[in-house]
Amino acid sequence: MARNDITDKVIKTGLQNKQYNSGWDKIYAKKASHEWLKEMDGDVVIYDADGWDNEVTMDTPIKYNDFMDRLCRSTIRYKSL
């Protein structure tokens with residue numbers, strides 16, 4: 001059993017929760033861009049998808065940070081405004 005060197009308490013891993021799963025998805029999961037958009041509560045509309053090209057379309061599975069990078073290069077509007 002692993003112990004903390006300073007406090008001498010036992011180190012144990014907690015159970016997975018919703019926050020853990022969400023964080024895991026954002027780091028490792030690959031989803032189509034329209035799926036990542038749905039997770040943004042539908043508040044974003046893409047007018048000009050400059051961040052996407054012929055090789056990577058809105059249906060190509062990509063990681064979350066790649067999606068956000070492409071979203072930042074696109075012309076978007078927030079619905080709530």
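Is aspartate 66 buried, partly exposed or exposed? Select Asp66 and colour by accessibility: at 25% relative accessibility, aspartate 66 counts as partly exposed. For that label, buried means under 20% relative accessible area, exposed means over 50%, and partly exposed is in between (1.4 Å probe, protein chains only).

Before going on, a word on what is loaded. This is a predicted model, in which local features need pLDDT of at least 70, side-chain atom pairs count only at pLDDT 80 or more, and totals for chains, interfaces and linings use all residues. Residues are numbered from 1 along each chain as its sequence is written, and side-chain values use heavy atoms, with hydrogens and water left out.

**The whole chain**

Switch to cartoon view. You should find 3 helices and 4 strands, running α-β-α-β-β-α-β along the sequence. The radius of gyration is 19 Å, well over the 12 Å that the globule rule gives for 81 residues, so the protein is more spread out than a compact globule. Helices (H or I, at least four residues) and strands (E, at least two) are DSSP runs, numbered from the N terminus. The radius of gyration is taken over C-alpha atoms, and the globule rule is 2.2 Å times the number of residues to the power 0.38.

Now show C-alpha atoms: they fill a box of roughly 55 × 30 × 20 Å along the principal axes. Of the 81 residues, 19% count as buried. Turn on the surface and you are looking at about 6500 Å² of exposed area, with carbon and sulfur atoms supplying 51% of it. Accessible areas come from the Shrake-Rupley method with a 1.4 Å probe; for residues, only the protein chains shown count as cover.

**Stop 1: helix α3**

Go back to Asp66 and add Arg70. Both lie in helix α3 (residues 64-72), 4 residues apart, about one turn of the helix. Their side chains meet in a salt bridge at 3.2 Å, N to O. A salt bridge here is a side-chain nitrogen of Lys or Arg within 4 Å of a carboxyl oxygen of Asp or Glu. Unlike partly exposed Asp66, Arg70 counts as buried, at 10% relative accessibility.

Next, pick Asp69 and Arg73, whose side chains form a salt bridge at 3.1 Å, N to O. Asp69 is partly exposed at 41%, and Arg73 is partly exposed at 44%.

**Stop 2: Lys31**

How many salt bridges does a search of the whole structure find? It finds 3, and one of them takes you to Lys31 and Glu39, where the closest N and O atoms are 2.3 Å apart. Lys31 sits in strand β1 (residues 30-31) and is buried, with a relative accessible area of 14%. Glu39 is partly exposed at 41%.

Which residues does Lys31 touch, not counting those up to four places away in sequence? Select Asp25, Trp36, Glu39, Thr60, Pro61 and Ile62 to see them. Contact means heavy atoms within 4.5 Å.

**Stop 3: a nonpolar patch**

Finish by selecting Tyr20, Trp24, Ile27 and Tyr28, which make a nonpolar surface patch of about 460 Å². Patches are made of residues with over 30% relative accessible area and no salt bridge: like charges are joined within 9 Å, nonpolar side chains (Val, Leu, Ile, Met, Phe, Trp, Tyr) within 5 Å. Zoom in on Tyr28: it is found in helix α1 (residues 18-28), and at 49% relative accessibility it counts as partly exposed.
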